[in-house]
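User: Could you take a close look at one part of this model with me? I'd like to go through its backbone geometry.
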Amino acid sequence: MGEREGVKLLGAWYSPVVARAKIALHLKSVDYDYFEEDLFGSKSELLLKSNPVHKKVPVLIHNSKPILESLNIVEYIDETWNSSRQFILPSHPHDRAIARFWSAFVDDKWFPALKAAAITKSEEAKEKGMKEVEKGLLQLEEAFVSISKGKPFFGGEAIGFMDICLGSFVGILKAREKLKGEKLLDETKVPCLCKWADQFLSDDTVKNVVPEIDKVAEFLGELEVRAQSAVSRT
C-alpha cells in the first residue's frame with residue numbers, strides 16, 4: 001500500500017456501495033483509515049458533518065475534503081491516484097460513456113427493482129419485481145459479452161469501473177440464494193455473468209474486501225424483517 005495522504009473512509013461493513021470504494025482504494029494501493037458507522041443507531045459527528053444532506057455512507061475524506069456517492073468516489077480515486085498503470089475507467093471517451101451508462105442502469109433501475117421485490121409483502125409485486133431483476137440480468141449478460149470482448153472482466157483483463165459497480169452486488173445475490181433459494185445468477189440463463197461473478201469474487205483485490213456470504217445472508221434476513229415491519233406500519 002502507498003502513502004496514506006490523510007485518507008479516511010466512512011462506511012458500513014455490509015454495504016455493497018462501501019465495498020466499491022474499498023475495492024478502488026485497494027486497486028490503487030492507497031492506504032486509508034476506515035471508520036465503521038452505525039447507520040441504524042447513532043451516526044458519528046464526522047459522518048453528519050461530512051455528508052449533511054444525505055447522511056449516508058460511503059464518504060471518502062481526502063486531506064480533510066469529503067467526496068460523496070460511491071461511483072463519484074471510485075472516479076475520484078481513479079483520477080487522484082493515477083501514477084499506477086491500472087486505470088479503473090476506460091481510457092477511450094466512448095468506452096467511458098458506455099461504462100457510465102451501464103453503471104447508471106445498475107444503480108437506477110436494476111438494483112432498485114431487486115430492493116423493492118425483497119421488501120414488498122405482496123406476492124404479486126414480488127413476482128413482477130423479480131421478473132424485472134431477471135430481465136435486467138439478461139440485458140447485463142448481453143452488455144458483458146459486448147464490452148468484455150471475450151476477456152474476463154467488463155474492464156478487460158483487469159477489474160474496471162463496471163466490474164466494481166455490478167460486482168459490489170454479487171455478494172447480495174449469492175446471499176439471497178443461500179437465504180431464499182433464489183438463483184438469480186443462473187448458469188443456464190446468464191452463463192457469462194456467472195463465470196464473471198466467480199472470477200470477480202476470487203480476485204485478490206476483492207476477496208479481501210467483501211464480507212463473507214454467510215454473514216451477508218444473516219444480515220439480509222434481519223434487514224428484510226425490519227423493512228417489512230416498517231412497511232406494515234405505514
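In which loop is the place of Ser29?

Analyst: Happy to help! A word on the basis: this is a predicted model, where local features need pLDDT of at least 70, side-chain atom pairs count only at pLDDT 80 or more, and totals for chains, interfaces and linings use all residues. Residues are numbered from 1 along each chain as its sequence is written, and side-chain values use heavy atoms, with hydrogens and water left out.

Ser29 sits in the loop between α1 (16-27) and β2 (33-36); helices (H or I, at least four residues) and strands (E, at least two) are DSSP runs, numbered from the N terminus. The phi of Ser29 is positive, near 55°, although Ser29 is not a glycine. For background, most residues other than glycine have a negative phi, and most peptide bonds are trans. Ser29 has 39% relative accessibility, so it counts as partly exposed. Here buried means under 20% relative accessible area, exposed over 50%, and partly exposed in between (1.4 Å probe, protein chains only).

Ser64 also carries a positive phi, about 75°, without being a glycine. Ser64 lies in the loop between β3 and β4 (65-68), and it counts as exposed because its relative accessibility is 69%.

For the peptide bonds, look at the one from Val57 to Pro58: it is cis, with omega near 5°. Pro58 belongs to the loop between α2 (45-50) and β3 (59-62).

A glycine can round off the tour: Gly181, which follows α7, has a positive phi near 75°.
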